[in-house]
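Visitor: I've got a few minutes and a new fold to look at. Can you put it up and walk me through it?

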Amino acid sequence: MEGQNIQALTPEHRHWVGMRIIKTVVAVFLCGLLAFLRDASGFYSMIAAVVCIQNSAGKTIESSINRMIGTLIGGVVGVLVVYSLDTLGVLYIALLRYAVLSVMLIPIIKLCLAIKKPGCAAMACIVFLCVTVNHSIGDTPAIYSIDRLFETLVGVALACGIDILLPYQPMPQPVQAEGTQPEPKEEREQAEAESSGGPEEEK
């Protein structure tokens with residue numbers, strides 16, 4: 001269906017770039033600009049901006065909230081787990097650590113479901129793994145988590161700001177071929193029923 005719609009567009013609209021794409025590009029660039037001015041990495045803020053920008057302002061805000069909650073849950077649990085493993089002396093035993101981290105995803109996901117925020121489960125798991133797997137000797141997990149939370153907040157804030165400031169524009173509608181009439185709804189439904197083998201026979 002999408003292929004047919006693209007073919008039906010006028011030539012000047014076939015390479016049309018939607019506002020969601022434009023907003024994503026602007027938000028990612030601003031994340032990079034702020035990172036450049038702070039002499040920091042804009043990696044996590046850029047990812048947050050890409051994930052948060054949706055096809056409507058409401059969805060963008062909802063995605064941003066889920067990402068912030070997920071980041072907070074994953075960061076806090078990650079810090080607690082790193083300190084716990086360090087105390088037990090198994091933080092740098094790779095195979096054992098990976099086994100523990102994998103099992104810890106269960107309570108993280110269950111927590112997201114318990115607070116009725118299933119949309120933040122994936123983000124919580126990602127941040128948890130970032131904090132725990134990327135941890136190396138000499139790192140302070142609390143500071144690392146705070147940095148990730150701050151970077152995510154920057155990306156979320158820019159995504160929401162750009163989404164509100166730049167208006168959405170609808171995609172151009174397909175052009176009806178000359179000399180053809182749109183198929184009535186009843187005829188279309190009848191044709192779909194016939195193509196699927198028709199209604200089931202009464203027993």
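Guide: Let's start with one residue. Arg 38 counts as partly exposed, at 35% relative accessibility. Keep in mind that this is a predicted model.

Visitor: Okay. Which side chain does Arg 38 meet in a salt bridge?

Guide: Glu 151. The N to O distance is 3.0 Å.

Visitor: Where do Arg 38 and Glu 151 lie?

Guide: Arg 38 is in helix 2 and Glu 151 is in helix 7, so the salt bridge ties together parts 113 residues apart in sequence.

Visitor: And Glu 151, buried or exposed?

Guide: Buried, at 5% relative accessibility. Its partner Arg 38 is partly exposed at 35%.

Visitor: How many salt bridges does the structure hold?

Guide: Two. The side chains of Lys 23 and Asp 163 also meet in one, at 3.4 Å from N to O.

Visitor: Which helices hold Lys 23 and Asp 163?

Guide: Lys 23 sits in helix 2, residues 19-38. Asp 163 sits in helix 7, residues 141-165. The two are 140 residues apart, so this pair links distant parts of the chain.

Visitor: Are Lys 23 and Asp 163 buried or exposed?

Guide: Lys 23 is buried, with a relative accessible area of 0%. Asp 163 is buried too, at 3%.

Visitor: Let's zoom out. How many helices and strands does the protein have?

Guide: Eight helices and zero strands. Along the sequence the pattern reads α-α-α-α-α-α-α-α.

Visitor: What share of the residues is buried?

Guide: 32% of the 203 residues.

Visitor: What about the accessible surface?

Guide: The total comes to about 13100 Å². Carbon and sulfur atoms account for 65% of that.

Visitor: And contacts along the chain, what share joins residues at least 24 apart?

Guide: 73%, taken among contacts between residues at least 6 apart in sequence.

Visitor: Now helix packing. How do helix 4 and helix 5 cross?

Guide: Their axes cross at roughly 145° and come within 11 Å. Helix 4 covers residues 57-88, and helix 5 covers residues 94-114. The crossing is right-handed.

Visitor: Which residues make that contact?

Guide: From helix 4, Ile 73, Val 77, Val 81 and Leu 85. From helix 5, Arg 97, Val 100, Leu 101, Met 104, Ile 108, Leu 111 and Cys 112.

Visitor: How do the contact residues divide into nonpolar, polar and charged?

Guide: There are 10 nonpolar, no polar and one charged. Arg 97 of helix 5 is the charged residue.

Visitor: Staying on helix 4, what does Thr 71 touch?

Guide: Thr 71 is in helix 4. Leaving aside neighbours within four places in sequence, Thr 71 contacts Met 123, Val 127, Arg 148, Leu 149 and Thr 152.

Visitor: Is Thr 71 buried or exposed?

Guide: Buried, with a relative accessible area of 3%.

Visitor: And Ser 63, where is that found?

Guide: Also in helix 4. Ser 63 touches Val 51, Cys 52 and Gln 54, not counting residues up to four places away in sequence.

Visitor: Ser 63 has a relative accessible area of 14%. Why does that count as buried?

Guide: Because buried means under 20% relative accessible area, and Ser 63 is at 14%.

Terms used. Residues numbered from 1 in each chain as written. Predicted model: local features only at pLDDT ≥ 70, side-chain atom pairs only at ≥ 80, totals over all residues. Heavy atoms only, no water. Axes fitted to C-alpha atoms, helices over the stretch in contact; angles between N-to-C directions. Helix = DSSP H or I, 4+ residues; strand = E, 2+ residues; numbered from the N terminus. Left-handed = near helix turned anticlockwise from the far one by under 90°. Contact = heavy atoms within 4.5 Å. Salt bridge = Lys/Arg side-chain N within 4 Å of Asp/Glu carboxyl O. Buried < 20%, exposed > 50% of the residue type's maximum accessible area, 1.4 Å probe, protein only. Areas by Shrake-Rupley, 256 points an atom, 1.4 Å probe, with all protein chains shown as cover.
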